[in-house]
Amino acid sequence: MELFAQVVPTTQLVALYKNHEVPGVKAMLKLTLLVVIGLAAVAVAETTRWHQLQDYSFDKYVKEFGKEYRGQEYERRKAVFEANLNDIRSHNLDDSKTWKRGVNQLTDSTPQELRRLLGLDKGLLHASKAKNAARIPIDHTPVDLSDLPGAIDWRDRGVVSAVKDQGQCGSCWTFGTAETVETHWAIRNKQLTDLSEQQILDCTPNTNDCGGTGGCGGGTAELAYQKIMQLGGLTTEWLYPYVSYWGNNFKCSFNSSVTRPFAKLTNYVVLPSNEYAPVLKALVNVGPLAINVDASAWFSYESGVFDGCNQTNPDIDHVVQLVGYGSDTKYGDYWLVRNSWTPAWGEYGYIRLRRDAVKQQCGMDIKPQDGTGCNGGPTEVKVCGACGLLYDVSYPVVASL
């Protein structure tokens, strides 16, 4: 397998895997691809950091991140990279900032390419009104936070899988959902298993355009919960692997007798919108949560407590997983959020967002119908918390073995 990985590029491995029909060979290709991507992520994670960018160049960047450009494409990418690098350097010179920006696999990407990383997830609250939607009613009972710990990180309990990579598909909504089902299944049943984002992506219709147009065009966690329940559960990554890395949509091939459901849901919970205390309590007492945020300013985040979103008019566009909270001795309180842009991004795939327990920052999302809200939804919505984190928060209720 080592020799095979050395002589076959990753792009060809993906193509071979997608097109091969022999189960044994397909399994070997899958394992090889995961190893190659994993090694690449480790290598990138050890690249130049924010304080080492003084004499950094595009040629060094291309070498570090394994990019291959020729002719006009090289010049075009170089111009994008150098403009972004200048912005990164300027930001890092400002000592008042509580986070640092750095170079990563996205630094030479165009705005259009970066948009593909966002699931454009809006209208989760309206998606809940869909016909036959099943969920536990929102509980507005006052919450007492006096007995909650000062910090929690669910990674320490062995119920959070490794950081993943959604690639060039707007599938964050499937990753945020699958990851949250994984952790709740592990908490309840003591089994941490990678679950299938592709099953959700292929098999969840989005007739009301909630959070996008479906598939790589975006969706919502609530739609995903509902469909998982209808299908009898969510199967494993190995039985229904992720093949939409390059942004392609595929037909649903879920068959309960072949791709056997692994994690089963009985319901799901949506927390009160824009309320701090219920989120904190659920995170401590129940587990990690699927959240919706404005991630349009996250692309160059490297470390620290991030406070750089547009809080006046946040544009909710991304589904991620909230796995903890804590306090930084220098920069204050934070939420710990898991992303799906590889472990080479941010703090090994995570970002810490500003957390304010006293007064929440709120703003108005004035573009909920910008190809993202459910049909017939409001023209604007109020969102609170750093990057709108508190606007729409949910978690699945899993069955026991």
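Biologist: Which handedness does the link of Cys362 and Cys384 have about its S-S bond?

Modeller: The torsion about the S-S bond is what one reads for this. In this predicted model, the link of Cys362 and Cys384 shows 105 degrees about the S-S bond and is right-handed. Cys362 belongs to strand 9 (residues 362-365) and Cys384 to strand 10, so the pair ties together parts that are 22 residues apart in sequence.

Biologist: Are Cys362 and Cys384 buried or exposed?

Modeller: One compares the relative accessible area with a cut-off, and buried means under 20%. Cys384 is buried because its relative accessible area is 2%, whereas Cys362, at 35%, counts as partly exposed.

Biologist: How many disulfides does the structure hold?

Modeller: The structure holds four disulfides. Among them is the one that joins Cys309 to Cys387, with an S to S distance of 2.0 Å. Its torsion is about 90 degrees, so this disulfide is right-handed. Cys309 lies in the loop between strand 5 (301-306) and strand 6, and Cys387 in the loop between strand 10 (381-384) and strand 11 (393-398), so parts 78 residues apart in sequence are tied together. Both Cys309 and Cys387 are buried.

Another of the disulfides joins Cys203 to Cys252. This pair links distant parts of the chain, 49 residues apart: Cys203 is in helix 9 (residues 197-203) and Cys252 in the loop between helix 10 and strand 3. Cys203 is buried at 6% relative accessibility, while Cys252 is partly exposed at 42%.

Biologist: Why is the sulfur of Cys172 without a bond to the closest cysteine sulfur?

Modeller: A disulfide requires sulfur atoms within 2.5 Å. The closest cysteine sulfur to that of Cys172 is in Cys169, 8.9 Å away, which is too far for a bond. Cys172 itself is buried, with a relative accessible area of 0%.

Biologist: Which strands pair with strand 6, and in what sense?

Modeller: Pairing is read from the bridges between strands. Strand 2 (residues 152-153) pairs with strand 6 in the antiparallel sense over two bridges, and Asp153 stands opposite Gly324. Strand 4 (residues 289-293) also runs antiparallel to strand 6, joined by five bridges, with Val293 opposite His318. Strand 7 (residues 332-338) is joined to strand 6 by seven bridges, again antiparallel. These two strands form a hairpin with three residues between them, and Asp328 has Gly332 of strand 7 as its bridge partner.

Biologist: How many residues of strand 6 are buried?

Modeller: Ten of the eleven residues of strand 6 (residues 318-328) are buried, so the strand is largely enclosed by the rest of the structure.

Note on methods: Residues are numbered from 1 along each chain as its sequence is written. This is a predicted model: local features need pLDDT of at least 70, side-chain atom pairs count only at pLDDT 80 or more; totals for chains, interfaces and linings use all residues. Side-chain values use heavy atoms; hydrogens and water are left out. Buried means under 20% relative accessible area, exposed over 50%, partly exposed in between (1.4 Å probe, protein chains only). Helices (H or I, at least four residues) and strands (E, at least two) are DSSP runs, numbered from the N terminus. Two strands pair if DSSP finds at least two bridges between them.
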